[in-house]
Amino acid sequence: MRKKIIVGNWKMNKTHREGMEMLVHFLKLLDLELSLNEDSGKEFPEIVVAPPYLIVADSAVLAQGWDIKIAAQNCSSEKEGAFTGEISASMLKAAKVDYVIIGHSERRNYFGETNQLVANKINRALESNLIAICCVGETLQERESGKQFQIITRQIQECLFHLNNDQLSKIVIAYEPVWAIGTGKNATPEQAQEIHKYIRSVISGKYGKEISENISILYGGSCNPQNAKSIFSQPDVDGGLIGGASLNARDFIDVVKAIL
Ligand code: PGA
């Protein structure tokens, strides 16, 4: 059965000290408010925190003994060598990172990442036994011209369709409409459900129904404690990739609670 997953993407926010303080605060709230739920029979989500690189390794040390996982926000498309400024998937694995976000729209828009580059990064992540969170989503212009299905199909084909069944089972997909990211304008639950169901059908067309039913598809884009419950209650929405609302421990806990 597919997992429910909530990922907090801090983006380029928080110094080491600020980040560690917030994580400690978050873990205390988690202990106080959610530990009982683990025995309640309700499906408890996988909670993943994606801090900036400089905080990743210490976050992973802190996370040990807790029921949370650490993600990186990016990794290199290369294995190792003379690639100044890059961080490899194997370095992340050695730092006890479990997940890596790949192809976020900010990487695509501001750093020119193409579907081909995203596919290469996914390969590196899988070689290092990281779970790759592959981000897809259309811009406002693409949605307004009715191209969202076409764009998302292409992103999935070019980023993921070279993988075999086994490799695809290590992938999480995040649907993040670009017009909803950081804008305060979330997709409606119906809009999210429509695309998530569509993504599942695209996966099913290539890998079969069983695999498509088992892949977790997260929604991202202005998801917050107020709107999370209605979005997470959609049948094909398996959790969220949370930006702004993950920067505050209280808000992030409330988003996690919204999926219970
Ligand atoms: P947001 O960001 O929640 O701040 O809109 C989501 C994301 O980019 O992952």
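A residue counts as buried when its relative accessible area is under 20%. Ser222, at 16%, is therefore buried in this predicted model. Ser222 sits in the loop between strand 7 (217-220) and helix 11 (228-232). Its phi is positive, about 55°, although Ser222 is not a glycine. Most residues other than glycine have a negative phi. Lys11 also departs from that pattern, with a positive phi near 55°. Lys11 lies in the loop between strand 1 (5-9) and helix 1 (16-34).

Ser222 and Lys11 both belong to the ligand shell. The other residues around the ligand are Asn9, His104, Glu176, Ala180, Ile181, Gly182, Gly221, Leu241, Gly243 and Gly244. By class, this shell has seven polar, three nonpolar and two charged residues. Backbone atoms of three glycines approach ligand oxygen atoms. For Gly182, a polar backbone atom is 2.6 Å from an oxygen atom of the ligand. For Gly244, a backbone N or O atom lies 2.8 Å from a ligand oxygen. For Gly243, the corresponding distance, again from a backbone N or O atom, is 2.9 Å. On its own, the ligand has 280 Å² of accessible area, and the protein covers 95% of it.

Asn9, a member of the ligand shell, is also linked to Ser246. The side chain of Ser246 reaches the backbone nitrogen of Asn9 at 3.5 Å. Ser246 is placed in the loop between strand 8 (239-242) and helix 12 (249-257). The relative accessible area of Ser246 is 0%, so this serine is buried. Beyond its neighbours within four places in sequence, Ser246 is in contact with Gly8, Asn9, Trp10, Met22 and Phe252.

Helix 9 (residues 189-207) contains Arg200. Tyr198 is in helix 9 as well. The two side chains can be compared by accessibility. Arg200 has a relative accessibility of 3% and therefore counts as buried. Tyr198 has a relative accessible area of 25%, so it is partly exposed. With neighbours up to four places away in sequence set aside, Arg200 contacts Arg2, Ser212, Glu213, Ile215, Ile217, Asp236 and Asp238. Under the equivalent exclusion, Tyr198 touches Phe149 and Thr153. Tyr198 and Ile152 are separated by 46 residues in sequence, and their C-alpha atoms are 9.1 Å apart in space.

The structure holds zero disulfides. Cys134 is in no disulfide, and its nearest cysteine sulfur is that of Cys159, at 4.6 Å. Cys159 is likewise unpaired, with the sulfur of Cys134 as its nearest at 4.6 Å. A disulfide requires two cysteine sulfur atoms within 2.5 Å, so a separation of 4.6 Å does not qualify. Cys134 has a relative accessible area of 1% and is therefore buried. Cys159, at 0% relative accessibility, also counts as buried.

Notes
Residues numbered from 1 in each chain as written. Predicted model: local features only at pLDDT ≥ 70, side-chain atom pairs only at ≥ 80, totals over all residues. Heavy atoms only, no water. Buried < 20%, exposed > 50% of the residue type's maximum accessible area, 1.4 Å probe, protein only. Near = heavy atom within 4 Å. Polar contact = N/O pair within 3.5 Å; in protein donor to acceptor, adjacent residues only side chain to side chain. Areas by Shrake-Rupley, 256 points an atom, 1.4 Å probe, with all protein chains shown as cover. Nonpolar A, V, L, I, M, F, W, Y, C, P; charged D, E, K, R; others polar. Helix = DSSP H or I, 4+ residues; strand = E, 2+ residues; numbered from the N terminus. Contact = heavy atoms within 4.5 Å.
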